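Biologist: Please take a close look at one part of this structure and walk me through it. I would like to follow how the strands there are paired and how their charged side chains are placed.

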Amino acid sequence: MSAFRKAPIDGAVWEAIVNLEAVRHFRFTPTEHRYTRRDTMLYALGLGYGANPTDPRQLKFVYEDGLQAVPSICCVLAHPGSWISDPALGANYLKLLHGEQRFEIHHPIPAEGTVVGTYAIVAVEDKGADKGAILHQSKTLHDKASGTLLATVSSVLFLRGDGGCGSFGEVPAAAAALPDGKPGQSCDIQTLPQSALIYRLSGDYNPIHADPVAARKAGFDQPILHGLCTLGLATRAILSTFTDDDPAQLKSLFVRFSKPVFPGETIRTEFFPNGNEVRFRSRVVERDTVVLDRCTAVLG
């Protein structure tokens, strides 16, 4: 699973259990985010678009003439900051992992503009004192000028150190396992050794993605790729394989993070298409390790 927030990595010990009532009543301040065409291009470059700089299907995501936004950019726009580290919540954020991510596109994301993100905590699911807790969070993303709803984004946070805290809210149904048998299609994307260094410029500056010392303290042999970058690569694979790189055809996407990716590795996304729904998983070819599992994309 991928690390979700920048957190101290100096070996500090935190014994507190999340304050369930504080979490239940926590209210976010709407987050306004002005982004430019440069930001949109930089996000796409972080996903490896432009690897073939003469391919017009890739160029439209990284060149200002006719620029289009990769739909998964909705996951990084209007980021709420490190809210989970608020001492009033009591969460053991040193052990927090990003477990799942889903987005639904209601209107094409503009290549530039100002958006407003409105967040809410939907539910907490207590898995037991020795198993941690699951927090479900939602974001609605609106265009500030028109009020148009652009996207709905859902995140699942795995609070490994907060089991036994109690539960509230309606927990969404768990993702179903993938179909049996061999995938019908696949798409390979080679990441760059510097992929994490580029992607972090879209807003996630957790040092475990850039600093070898920080990564080793967090238990990794080297800096790892951002989980949301891996999601973006899956988005890229879906667009390339099924939509001729037309972002308007991707309506929603869900992934479960299962293992980290190291920059420079090859990610093979394996598809089980069924009409306008595509189930898929992503694996690192070099280690034959599934890094995204139980995933779904809906096209239209």
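Modeller: A residue is called buried when its relative accessible area is under 20%, exposed when that area is over 50%, and partly exposed in between. R283 has a relative accessible area of 16%, so R283 is buried. Keep in mind that this is a predicted model.

R283 belongs to strand β10, which covers residues 277–284. Strand β10 pairs with β11 in the antiparallel sense, over seven bridges. At one of the paired positions, V284 is found opposite T289 of β11. Four residues lie between the two strands of this hairpin. D288 has a positive phi there, near 45°.

Strand β11, which spans residues 289–299, is also joined to β8, residues 250–257. These two strands run antiparallel and share six bridges. F254 has T296 of β11 as its bridge partner.

Now to the charges. R283 forms a salt bridge with E270, and their closest N and O atoms are 2.9 Å apart. E270 lies in strand β9 and R283 in strand β10, so this pair ties together parts that are 13 residues apart in sequence. E270 is buried because its relative accessible area is 9%. The salt bridge between E270 and R283 belongs to a network: E270, R281, R283 and D288 are joined by salt bridges that share partners. D288, already met in the hairpin of β10 and β11, is thus also a member of this network.

Strand β9, residues 266–274, takes part in another salt bridge: R268 lies in β9 and D188 in strand β7, residues 185–190, so the pair ties together parts that are 80 residues apart in sequence. The N to O distance between R268 and D188 is 2.7 Å. R268 has 29% relative accessibility and therefore counts as partly exposed. D188 is partly exposed as well, because its relative accessible area is 41%. In the whole structure, twelve salt bridges are found.

A charged residue also meets strand β8 from another strand. E100 sits in strand β3, residues 96–105. The side chain of E100 makes a polar contact of 3.0 Å with that of R256. E100 has a relative accessibility of 16%, so E100 counts as buried. Setting aside neighbours within four places in sequence, the contacts of E100 include F254, V255, R256 and F257. S154, S155 and V156 are also in contact with E100.

Next come the nonpolar side chains. The largest nonpolar core has 51 residues, and those touching the most other members are C74, F103, I109, I238 and F280. Helix α6 gives this core its largest share, eight residues. A further core lies apart from this one and holds 20 residues, including L89, V124, L135 and L157.

F103 gives a view of the surroundings in the largest core. Not counting residues up to four places away in sequence, F103 touches L250, K251, S252 and L253, among others. The contacts of F103 also include P71, C74, T152, V153, L231 and T235.

Notes: Residues are numbered from 1 along each chain as its sequence is written. This is a predicted model: local features need pLDDT of at least 70, side-chain atom pairs count only at pLDDT 80 or more; totals for chains, interfaces and linings use all residues. Side-chain values use heavy atoms; hydrogens and water are left out. Two strands pair if DSSP finds at least two bridges between them. Buried means under 20% relative accessible area, exposed over 50%, partly exposed in between (1.4 Å probe, protein chains only). A polar contact is a pair of N or O atoms within 3.5 Å; within protein, one must be able to donate a hydrogen and the other to accept it, and residues adjacent in sequence count only if both atoms are side-chain atoms. Contact means heavy atoms within 4.5 Å. A nonpolar core is a set of buried Ala, Val, Leu, Ile, Met, Phe, Trp, Tyr and Cys residues joined through side-chain atoms within 4.5 Å. A salt bridge is a side-chain nitrogen of Lys or Arg within 4 Å of a carboxyl oxygen of Asp or Glu.
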